Amino acid sequence: MRYLCSAQLEEDPELNAIVDLYRNRPEQLIAALLAVQKLYGYLPEAAMRSLAKELKVPFSKIYGAATFYSQFRLKPRGRHLASVCLGTACQVRGGERIYRRVKRELGVKLGETTPDGRFTLETVSCVGACGMAPVVIVDEHTHGRQTPEKAVKVINSYD
Ligand code: FES
């Protein structure tokens, strides 16, 4: 994941390679957005404006796609992604209490990133691990049979 200011973005050879690949191909808008998000971890506005110009797609259409599809992010993500499952099995076993406790520990709201850039907080609605509910997922690791206290320990084990 890379963080560049708007001026640096315009000069970024990797972004320019993506723009070159999709130039004048408006039907490839989603593929282009996915490529940009893979590069930066989110969709910087300057990058979306470059795509709008070079793909010949109105910026409003790009912004609309970026906000419609839940996999796109408009803000940088933290080094770690903490997801608390609020699917039925996890809810029944205390998922909501875990979510509130993790939220308080991190001091952020849903979808926000801690000021130090360590964590972004999200919720999910079932990751297929109902047998070990309630679960908290940090990056690609699923932590099962959580309590609010255990979840805080899990969170604090990541730097
Ligand atoms: S409901 Fe949480 S893993 Fe299925």
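The following paragraphs describe the fold, the sheet, some individual residues and the largest pocket of a predicted model.

Local features of this predicted model are reported at pLDDT of at least 70 and side-chain atom pairs at pLDDT 80 or more, while totals for chains, interfaces and linings use all residues. Residues are numbered from 1 along each chain as its sequence is written, and side-chain values use heavy atoms, with hydrogens and water left out.

The protein chain holds eight helices and four strands. These elements are DSSP runs numbered from the N terminus, with helices being H or I of at least four residues and strands being E of at least two. Along the sequence, their pattern reads α-α-α-α-α-β-α-α-β-β-β-α. Taken along the principal axes, the box filled by the C-alpha atoms is roughly 50 × 30 × 20 Å. Of the 159 residues in the protein chain, 41% are buried; here buried stands for under 20% relative accessible area, exposed for over 50%, and partly exposed for the range in between, with a 1.4 Å probe and protein chains only. Contacts (heavy atoms within 4.5 Å) also say something about the fold: among those between residues at least 6 apart in sequence, 59% link residues at least 24 apart.

The sheet is a good place to start looking around. Its four strands are arranged as β2-β1-β3-β4, giving an open sheet with mixed pairing. The edges are formed by β2 (119-124) and β4 (141-143), each of which pairs on one side only. From one strand to the next, the twist averages 20°. Pairing requires at least two bridges found by DSSP between two strands. Strand β3 (residues 136-138) runs antiparallel to β4 and is joined to β4 by three bridges; one bridge partnership links I137 with T142 of β4. Helix α8 (residues 148-156) packs on the sheet with contacts to β1, β2, β3 and β4, and its direction is at about 0° to that of β3. Helix α7 (residues 95-106) lies across β1, β2 and β3 and runs at about 165° to β2. For these angles, axes are lines fitted to C-alpha atoms, for helices over the stretch in contact, and the values run from 0 to 180 degrees between N-to-C directions.

Two strand residues give a closer view of the sheet. S83 sits in strand β1 (residues 80-85) and counts as buried because its relative accessibility is 6%. Leaving out residues up to four places away in sequence, S83 touches E122, V124, V135, V136 and I137. V138 belongs to strand β3 and is buried, as its relative accessible area is 0%. Beyond its neighbours within four places in sequence, V138 contacts H80, L81, F119, H143, V154, I155 and Y158. The last of these, Y158, is 20 residues from V138 along the chain, and the two C-alpha atoms are 8.8 Å apart.

Several backbone details are worth a look. In the loop between β2 and β3 lies P134, which is joined to A133 by a cis peptide bond with omega of about 0°. The loop between β2 and β3 also holds C126, a non-glycine residue with a positive phi of about 95°. With 41% relative accessibility, C126 counts as partly exposed. D139, in the loop between β3 and β4, is likewise not a glycine and has a positive phi near 50°; its relative accessibility is 26%, so D139 counts as partly exposed. A positive phi, near 65°, is found again at K56, which follows α4. Within helix α4 (residues 45-55) itself, the buried residues are A46, A47, M48, L51, A52, E54 and L55.

Rolling a probe the size of a water molecule over the atoms shows where empty space is left. On a 1 Å grid over the protein atoms alone, a pocket is an open set of points where a 1.4 Å probe fits, with protein on both sides within 12 Å along at least five of seven lines. The largest pocket has a volume of about 220 Å³, the volume being the space filled by probe spheres set on grid points, which are joined across faces, edges and corners. Its lining, made of residues with an atom within 4 Å of a point, consists of S70, F72, R73, L74, K75, P76, G111, E112, T113, T120 and E122. By class, this lining comprises three nonpolar, four polar and four charged residues, where Ala, Val, Leu, Ile, Met, Phe, Trp, Tyr, Cys and Pro count as nonpolar, Asp, Glu, Lys and Arg as charged, and the others, including Gly, as polar. E122 links two parts of this description, being both a lining residue of the largest pocket and a contact of S83.
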